[in-house]
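Hi! Here's the structure I promised to pass on. Have a look at it first, and then read my notes underneath.

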Amino acid sequence: MMGDVYMCEKLIISKKKMQGEDGYKIFSIRIKQATVDKIDELSAQTHRSRNELINILLDYAIENSEVL
């Protein structure tokens, strides 16, 4: 064994995950500056990234929504 390389008959290299294979999808949205400011304030207060916080907020909103 050499570092993180394992010696055997063949060098085995696992395939790199393609974008989206981790269960996430990247896309852009337009939101008001005031909303961004509020998200950034919450992000600073909670020490969470903007992305993590938005996911938490969206998950909560989806789970607590009702279509009438």
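**What I found**

Let's start with Leu-57, which counts as partly exposed because its relative accessibility is 40%, between the 20% limit for buried and the 50% limit for exposed. Before you go on, keep in mind that this is a predicted model, not an experimental one. Leu-57 sits in helix α2, which runs over residues 50-63. If you want a distance to try out in your viewer, take the C-alpha atoms of Leu-57 and Ile-39: they are 9.7 Å apart, while the two residues are 18 residues apart along the chain.

**Salt bridges**

How many salt bridges does a search of the whole structure find? The search turns up two.

One of them joins Asp-40 to Arg-50, with 2.9 Å between the closest N and O atoms. Asp-40 belongs to helix α1 and Arg-50 to helix α2, so this pair ties together parts that are ten residues apart in sequence. Asp-40 is partly exposed, at 29% relative accessibility, and Arg-50 is partly exposed too, with a relative accessible area of 43%.

The other salt bridge is between the side chains of Glu-52 and Arg-48, at 2.6 Å from N to O. Glu-52 has a relative accessibility of 35%, so it counts as partly exposed. For Arg-48 the value is 35% as well, and that residue also counts as partly exposed.

**A nonpolar patch**

Now colour Phe-27, Ile-29 and Ile-31: together they make a nonpolar surface patch of about 350 Å². Ile-31 lies in the segment before α1, the helix that covers 33-46. Why can Ile-31 be part of a patch? Patch residues need over 30% relative accessible area, and Ile-31 is partly exposed, with 41%.

**The largest pocket**

Last one! The largest pocket has a volume of about 540 Å³. It is lined by 17 residues, and the closest to its centre are Phe-27, Ile-29, Asn-51, Ile-54 and Leu-58. You'll recognise Phe-27 and Ile-29 from the patch.

Which helix gives the largest share of the lining? That is α2, with six residues. Helices α1 and α2 each supply at least two residues of the lining. Sorted by class, the lining has ten nonpolar, four polar and three charged residues.

Have fun clicking through it!

Conventions. Residues numbered from 1 in each chain as written. Predicted model: local features only at pLDDT ≥ 70, side-chain atom pairs only at ≥ 80, totals over all residues. Heavy atoms only, no water. Patch = residues over 30% accessible without salt bridge, like charges linked within 9 Å, V, L, I, M, F, W, Y side chains within 5 Å. Areas by Shrake-Rupley, 256 points an atom, 1.4 Å probe, with all protein chains shown as cover. Salt bridge = Lys/Arg side-chain N within 4 Å of Asp/Glu carboxyl O. Helix = DSSP H or I, 4+ residues; strand = E, 2+ residues; numbered from the N terminus. Buried < 20%, exposed > 50% of the residue type's maximum accessible area, 1.4 Å probe, protein only. 1 Å grid on protein atoms, 1.4 Å probe; cavity = no way out; pocket = protein on both sides within 12 Å on 5 of 7 lines; lining within 4 Å. Points joined across faces, edges and corners; volume = space filled by probe spheres on them. Nonpolar A, V, L, I, M, F, W, Y, C, P; charged D, E, K, R; others polar.
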